[in-house]
Amino acid sequence: MSGIRPTGFLHLGNYFGALRNYVRMQDEFECFFMVADIHSLTTHPDTSQLKHHVRRVLAENIACGLDPDKVALYCQSHLRETGELYLYLNMLAYKGELEKTVTFKDKVKLQPENVNAGLLTYPVLQAADIIIHRATLVPVGKDQEQHLEMSRNFVKRFNHRYGEVFPEPRAFNFGNELMRVPSLDGSGKMSKSENQSATIYLADDDDSIRKKIMKAKTDSGPTKKNSPKPDYIEVLFQLMKLVSDEEVVKKFEEEYNNLTIRYGDMKKKLAEDMIEFIRPIRQRVESILKDDDYIRDVMVKGAEKARASAEVTMDKVREAIGLRYY
Ligand code: ATP
Ligand code: MG
């Protein structure tokens, strides 16, 4: 189970941290993936673009390879049962631990005028999203690691107080480690709503990709053989590892170590490989978005599958808590 907020265009971080794993998981597991529209209200209260973003995120999920016939692909707000579970979990979540959450502290700094209770209890709703399907594997990027730890704590408390209903969920990635795709300037992570000029979006056209990469910071090159790379150069290598062939990365690594590297050439190659990687996804998104009936169908069928799974869980939850009076 996992979700993506409809707060803007999806980017390489969403792809490599989340979507790539979703696509591989769909053949091995029973999967639930959602557009986290309610979560977006904690930071994006203006809903004038919401519908547009929700449809785009759905289309982007499908364009990256998710098959709505194999998985439940749905909108968070279409699954009302989650709201009920969230309410019960709130009684098991403590104000102190919520206030200490890194993402909460970051958002407080970012939007001091809108420190709403939804922002504070974001990890509680996220836990409800996951455990409503009694999910165990949650494909997410590194930035979500702490939230998953909190989900496990809520599950442990619930099971301890009311009996074993939920398995403990954990952050999942097919590789060894959770991913964090850095922003092009190395200042943070790529993101839908922050660091936009240093983020490569799946919707970027060839020219914007080329421009963003060519203006990435470099220097006159290393002066000592086999020296460590400065952060902004490391970012270019990291991105290259994602989209270029192994031999290409190896060639530039060797040139770096032998002091013969020309960053202009490296960026040109990175830009071309990035363009080849993104173009087919962008084109598929554009064609999916033209088909309104298809998108509606996906949402309706996805919500049905999600509801069937959630109803079973909520029966167990009400029973366990002791909310049966006759
Ligand atoms: P926002 O800025 O609106 O929070 P976001 O880019 O952080 O957007 P989310 O919707 O919060 O995206 O996260 C969707 C998924 O993408 C999560 O699994 C998250 O861990 C993953 N993800 C987001 N950014 C990155 C990144 N730079 N590298 C790897 N994974 C990422
Ligand atoms: Mg985020």
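Which residue forms a salt bridge with Lys-301? In this predicted model, the partner is Asp-297, and the closest N and O atoms of the pair sit 3.5 Å apart. Both residues belong to helix 14 (residues 292-321), where they are four residues apart, or about one turn of the helix. An α-helix has 3.6 residues a turn, so residues three or four places apart point the same way. Neither side chain is hidden away: Lys-301 is partly exposed at 45% relative accessible area, and Asp-297 is partly exposed too, at 33%.

That pair has plenty of company, as the structure holds 25 salt bridges. Glu-145 and Lys-142 make up one of them, with 3.0 Å between the closest N and O atoms. Here again the two residues are partly exposed, Glu-145 with a relative accessible area of 37% and Lys-142 with 39%.

Glu-253 and Lys-229 also meet through their side chains, at 2.9 Å from N to O. Glu-253 comes from helix 12 (residues 246-257), while Lys-229 sits in the loop between helix 10 (206-214) and helix 11 (231-243), so this salt bridge ties together parts that are 24 residues apart in sequence. Lys-229 counts as partly exposed, at 22% relative accessibility. Beyond simple pairs, there is a salt-bridge network that links Glu-84, Asp-315, Arg-318, Glu-319 and Arg-324.

Helix 13 (residues 263-289) is worth a look for its geometry. Its 27 residues reach 38 Å from first C-alpha to last, close to the 39 Å expected at 1.5 Å a residue. Even so, helix 13 bends by about 30° at Ile-278, with a proline, Pro-280, following within four residues.

Note on methods: Residues are numbered from 1 along each chain as its sequence is written. Chains are lettered from A and ligands numbered from 1 in the order in which they are written. This is a predicted model: local features need pLDDT of at least 70, side-chain atom pairs count only at pLDDT 80 or more; totals for chains, interfaces and linings use all residues. Side-chain values use heavy atoms; hydrogens and water are left out. Helices (H or I, at least four residues) and strands (E, at least two) are DSSP runs, numbered from the N terminus. The expected span of a helix is 1.5 Å times one less than its number of residues. The bend at a residue is the angle between axes fitted to the seven residues ending there and the seven starting there. A salt bridge is a side-chain nitrogen of Lys or Arg within 4 Å of a carboxyl oxygen of Asp or Glu. Buried means under 20% relative accessible area, exposed over 50%, partly exposed in between (1.4 Å probe, protein chains only).
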